[in-house]
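User: I would like a close look at one part of this structure, explained slowly enough for someone in their first year. Please begin with the strands and then move to a single residue beside them.

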Amino acid sequence: GNYGGPLRPQVHFSPPQGFMNDPNGMFVDADGLYHLYYQYNPTATVAGNQHWGHATSSDLYSWTNQPIALFPGGPTEGIFSGSAVIDVNNTSGFFPNQKNGVVAIYTLNTPDRQTQEIAYSHDNGYSFIKYGGNPVIDSNSTQFRDPKVIWHAPTERWIMVIAYSVGFEIGIYSSPNLIAWTHESNFTRHGILGLQYECPNLVEMPVSGRSDASTMWVLLISNNPGAPLGGSITQYFPGSFNGTHFEAIDGATRLTDFAKDNYAGQFFYNIPASQDQISINWASNWQYTNVVPTAGEGFRSAMTVPRGHYLTKLPRLGMSLISYPYNVSAVTEQELAYNSSLGNGTIFVDYSTVRSGALYFEANITGLTDSSSLAGTLNFTFSSAATGESVSGGTFLASGDFWLDRGRSSAGFLNPFFTDKFSQLGLYNGNGAWRISGIIDRSIIEVFLNGGELSATSVFFPTQPLDLMTLSIKGINEKATTSVGVWGLRAAW
Ligand code: FRU
């Protein structure tokens, strides 16, 4: 692959060439090496001809492309989305002589149905053998897909969540051996229906701020088409799981992201529930993914940066999924600007010499003690010195309302569904502090509010590289201070 093009992200994963969608099969092996598989069309820059592409990384930013891991058996087959596990105890019988056997569980798509198949790997996930007894689940349906499997220690069973897409149901299955599966329950018609449920994840993760170091379960469901902003979106439900049934804590639906380019995320297998969980998400939207201008550089779609996750109870929203850029220090390189006591003022950063064109930035405002300090604003702009194209965002501190605008950097891409602006309201928690951080990387920006209480992912397509950042704070009084930092990121390719 040629990773040198001006729209090619440098700290985000993208395929060597061709088209990528959902992350699949994600696991971390015993040596700490992360494996990412993905829906991959190696022969065209549009969706179709689905294989599982494969890449590995030890820091989740620098990826090594590996040979394709799973191939369809013929022109009418597609290897659709799914997951992978490490069968340490050889429950499957595929691994009599090893502790690191990998089993992939995926949907085989054919013209007359979608069935669940498995394939096993003796070499740590680099090559797979399709199981001779496939399919392992066939429910005679054309809309039944995206198995995500975890090990449930209390019941000593494998647990699968899977979408009955047009029935708006998430099926929960159990198995002692990854081969024989028993249907246990369905989680039916919760939250946003859209027109389909896809790519569920069931994951146990820490709850912060609790003295007993407790954990809680989260069920995530992706919707496409039919998201509130159009196309694709992911919702989640905190709740409890007893080994057979999932129950949400309340009747609310919550979204993982408030822009349009975060879909079908998957959580890594083999991270203990007591630690922050890590996901990678497809940074695109089915409404326009097949027509975005990166095809001129031979590829379409990138993943988000790795996201760290835990749950916390927010004052007004209640139990919420926190999403922050995981391990970003692995790629932070030069400090381009740092000011620990900026009051009202503006920081300018010319980053035209940063080879990656990628930045990490944060601004932490503290001391917002009264209504006069809260009258202020924080705004940022990334622009092209050559053309004036820009991506910008900002907040009105009094309300915490936040906006993001990619419309002035994508003039070359005229698509009615490629929405310009996104906004999110009311995140100021009344605690005197407001924080923002973000990563911008050539054609993608990810923004995190208050340490990831809310996040937004947006792709954009400037005709010239963005290379000038301004961040300005106005209207806060002298009791409030801001610490602002901007770092250039190391090109990972
Ligand atoms: C989600 C999805 C999945 C399916 C895959 C096919 O983006 O539609 O439901 O398995 O993509 O590529």
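Analyst: In this predicted model, six strands form an open sheet, and their order across it is β23-β34-β25-β30-β31-β32, with antiparallel pairing. The two edge strands are β23, which covers residues 332-342, and β32, which covers residues 454-459, and each of them pairs on one side only. If direction is ignored, neighbouring strands of this sheet are turned against each other by 10 degrees on average.

At one end of that order, β32 pairs with β31, the strand of residues 444-449, and this antiparallel pairing runs over six bridges. Within it, isoleucine 444 stands opposite valine 459, a residue of β32.

Valine 459 also leads to the single residue you asked for, since Val459 is among the residues in contact with arginine 406 once sequence neighbours within four places are left aside. Arginine 406 itself lies in a loop, the one between β28 (401-405) and β29 (421-424). Is arginine 406 buried or exposed? Its relative accessibility is 1%, and because buried means under 20%, arginine 406 counts as buried.

The side chain of arginine 406 has polar partners: a polar contact of 2.8 Å joins it to the side chain of aspartate 261, and another, of 3.1 Å, links it with the side chain of tyrosine 288. Both Asp261 and Tyr288 appear again among the contacts of arginine 406, which also include Lys260, Val391, Phe418, Thr419, Asp420 and Phe422, as well as Ser458, Val459 and Phe460.

Methods:
Residues are numbered from 1 along each chain as its sequence is written. This is a predicted model: local features need pLDDT of at least 70, side-chain atom pairs count only at pLDDT 80 or more; totals for chains, interfaces and linings use all residues. Side-chain values use heavy atoms; hydrogens and water are left out. Helices (H or I, at least four residues) and strands (E, at least two) are DSSP runs, numbered from the N terminus. Buried means under 20% relative accessible area, exposed over 50%, partly exposed in between (1.4 Å probe, protein chains only). A polar contact is a pair of N or O atoms within 3.5 Å; within protein, one must be able to donate a hydrogen and the other to accept it, and residues adjacent in sequence count only if both atoms are side-chain atoms. Contact means heavy atoms within 4.5 Å. Two strands pair if DSSP finds at least two bridges between them. Axes are lines fitted to C-alpha atoms, for helices over the stretch in contact, and angles run from 0 to 180 degrees between N-to-C directions.
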